[in-house]
Amino acid sequence: MTAAAKAAETLPPLAGPAPARLTLDQAYDRALATDQSIALALQTVVQADLQPARALTRLTPRLNGSLSADHNGSGDNGFDFDRATGGRTRLSLSKQLFDPTVGPAYRAGLLSAQESRLDYRATIRDTALAVASAYYEVLRQQALVAVSRESLRLAEEQKNLAEQRLAVGEVIRTDVLTADVTLQRGKRALVEAENTLKYARTLLANILNFDPGSSFEVVEPKGYDIASQSLPDLRARARRQRDDLQRLLTAVVRRGENFNETRASYQPSVSASVSAGRNLNNNSTSTEGQTDYSAGVSVSIPLFTGGEKALDLKRDEVEIAKAKLDYERAAKQSDEEVTAAWLETRTLEQTLVSLRAEVKSAEENYSLLQQQYRLGESKSLDVLQALTDLNTSRTDLTVSLYQFQLATRELAARTADFERIRVEKAAALVRPPVPGQEPAGTK
């Protein structure tokens with residue numbers, strides 16, 4: 001708890017200048033140090049760590065003191081003839097010797113603290129994945145801007161060629177006008193791509209809590225290894241390792257301890273108390289003082305509570321059933337997410353093979369048609385269509401390349417393997433053991 005509190009107090013400033021070149025690792029570190037959702041999850045950990053200690057306070061001694069004073073008098077014909085002043089002081093010490101609800105409440109507090117830690121870890125991993133998504137969006141938009149510029153260059157080249165052939169009477173003006181249409185479309189596409197890139201940079205800077213308007217360049221990171229395990233193995237791995245699933249399993253156990261606490265309240269409890277006090281009376285004729293003390297042990301036996309505890313037991317049973325259903329529903333959703341992410345990586349892997357071949361063919365086709373156009377053996381529309389096909393193929397390849405890199409990270413996140421070492425270091429917590437569950441494997 002102390003370490004968590006210190007970590008919350010030493011967070012770096014939210015805003016700051018961005019480096020000239022920003023790597024993905026730097027982006028991770030910046031986000032994990034400044035992200036507000038992580039800081040909020042950390043505060044929840046600090047709060048949850050108080051619950052076990054709160055349960056133990058039921059057995060700590062209680063010391064109470066009281067002090068009172070009074071004054072009274074009476075008189076006849078406006079003259080006082082009898083006055084009295086009194087005062088009382090008292091100290092009492094009590095302690096619960098035996099409370100059957102303390103054990104279950106303490107264990108429930110520990111489990112609640114485990115849940116908050118698992119939520120904290122899940123928040124760290126989700127934040128890292130959000131950073132990767134924003135980072136790759138910037139990379140994708142940078143590549144699309146480069147594709148648009150190259151397409152615009154080729155369109156200008158084609159228009160210049162059409163104008164040269166028009167000047168010598170080899171073609172009609174339609175070729176120049178058609179090439180100009182393609183050129184203007186290319187200019188518009190470039191402006192849109194550049195503005196989309198600016199917006200993507202703004203979103204990334206916002207996630208990383210950089211100063212508004214910060215200028216930086218992102219660096220192409222290394223490729224992420226695709227999972228080599230079979231789909232059933234990945235599903236099982238996700239069920240073992242995912243923090244959200246482990247938290248729901250922990251919640252089932254905690255609900256059981258809540259039930260045990262309610263049931264334990266039917267049992268007798270034992271308490272002891274000691275008190276001492278002094279009374280002082282001062283009147284017009286004398287001063288008297290009296291000291292007294294008392295000590296005792298009491299046993300409290302709940303005989304009839306009007307059905308309140310029985311209703312609490314029913315409520316706890318329902319909460320246990322709901323917690324189990326929550327886990328089962330989340331486990332099915334986990335299987336679906338792993339399956340979708342796994343299929344996405346396989347689809348994109350094959351798509352990249354096809355797109356690379358498509359781009360190669362489109363480049364060769366455009367080069368041949370342009371040469372034929374120079375020689376008057378092909379039409380301008382054929383060249384411009386080939387240029388459009390080449391631009392489309394390059395765009396699709398660029399988009400798929402970065403989608404594949406993000407999809408591999410998405411799959412790793414669904415099995416809780418994404419940035420595992422970084423998450424462990426950022427959380428500074430070991431995965432809490434869950435009763436009845438095997439320890440999570442390591443990557």
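These notebook entries record what I looked up in a predicted model of one protein chain.

**Entry 1. The chain as a whole**

I began with the secondary structure and found 11 helices and 6 strands in the protein chain. I then looked up burial: of the 443 residues, 40% count as buried. The chain exposes about 25,100 Å², and carbon and sulfur atoms supply 54% of that area. For the contacts, I took those with a separation of 6 or more; residues 24 or more positions apart account for 82% of them.

**Entry 2. Helices α6 and α10**

I next examined how helix α6 (residues 173-207) is placed against helix α10 (residues 380-414). The two pack at an angle of about 10 degrees, and their axes are 10 Å apart. Angles under 35 degrees count as roughly parallel, so α6 is described as roughly parallel to α10.

I noted which residues meet here. From α6 they are Asp175, Thr178, Ala179 and Thr182, and from α10 they are Ser380, Leu381, Leu384 and Leu387.

I also looked up Thr388, which lies in helix α10. The C-alpha atoms of Thr388 and Thr182 are separated by 8.5 Å, although the two residues are 206 residues apart along the chain. Is Thr388 buried or exposed, or does it fall in between? Its relative accessibility is 38%, so I recorded Thr388 as partly exposed.

**Entry 3. The loop after α10**

I followed the chain into the loop between α10 and α11 (420-427), where Ala416 lies. Phi of Ala416 is near 65 degrees, a positive value in a residue other than glycine. Ala416 counts as buried because its relative accessibility is 1%, and the limit for burial is under 20%.

Glu419 is found in the loop between α10 and α11 as well. Its phi is near 45 degrees, again a positive value in a residue other than glycine. With 18% relative accessibility, Glu419 also counts as buried.

**Entry 4. Salt bridges**

I turned to the charged side chains. Side chains of opposite charge can pair when their charged atoms come close. How many salt bridges does a search of the whole structure find? The search finds 31. I looked up several of them individually.

In one, the side chains of Glu261 and Arg58 meet, with 3.0 Å from N to O. Glu261 lies in helix α8 (residues 243-264) and Arg58 in the loop between α4 (50-56) and β2 (62-76), so the pair ties together parts that are 203 residues apart in sequence. I recorded Arg58 as partly exposed because its relative accessibility is 32%.

In another, Asp243 pairs with Arg121, and the closest N and O atoms are 3.2 Å apart. Asp243 lies in helix α8 and Arg121 in helix α5, so this salt bridge ties together parts that are 122 residues apart in sequence. Both Asp243 and Arg121 are buried.

I then looked at Arg255 and Glu319, whose side chains meet in a salt bridge of 3.5 Å, N to O. This pair links distant parts of the chain: Arg255 is in helix α8 and Glu319 in helix α9 (residues 308-374), 64 residues apart. Arg255 counts as partly exposed at 26% relative accessibility, and Glu319 counts as partly exposed at 22%.

I closed this entry with a network of salt bridges that links Arg242, Asp244, Glu337, Glu410 and Arg414.

**Entry 5. A buried serine in α5**

I looked up Ser112, which is found in helix α5 (residues 102-167). Which residues does Ser112 touch, not counting those up to four places away in sequence? I found Ala48, Gln51 and Arg254. Ser112 counts as buried because its relative accessibility is 14%.

**Entry 6. A nonpolar patch on the surface**

Last, I looked for nonpolar side chains on the surface. Leu63, Leu91, Leu93 and Val274 form a nonpolar patch there, with about 400 Å² of accessible area together. I examined one of these residues further: Leu91 is found in strand β3 (residues 79-98). Leu91 has a relative accessible area of 52%, so I recorded it as exposed; the cut-off for that term is over 50%.

Conventions
Residues are numbered from 1 along each chain as its sequence is written. This is a predicted model: local features need pLDDT of at least 70, side-chain atom pairs count only at pLDDT 80 or more; totals for chains, interfaces and linings use all residues. Side-chain values use heavy atoms; hydrogens and water are left out. Patches are made of residues with over 30% relative accessible area and no salt bridge: like charges are joined within 9 Å, nonpolar side chains (Val, Leu, Ile, Met, Phe, Trp, Tyr) within 5 Å. Accessible areas come from the Shrake-Rupley method with a 1.4 Å probe; for residues, only the protein chains shown count as cover. A salt bridge is a side-chain nitrogen of Lys or Arg within 4 Å of a carboxyl oxygen of Asp or Glu. Helices (H or I, at least four residues) and strands (E, at least two) are DSSP runs, numbered from the N terminus. Buried means under 20% relative accessible area, exposed over 50%, partly exposed in between (1.4 Å probe, protein chains only). Contact means heavy atoms within 4.5 Å. Axes are lines fitted to C-alpha atoms, for helices over the stretch in contact, and angles run from 0 to 180 degrees between N-to-C directions. Angles under 35 degrees count as roughly parallel, over 145 as roughly antiparallel, 65 to 115 as roughly perpendicular and the rest as oblique.
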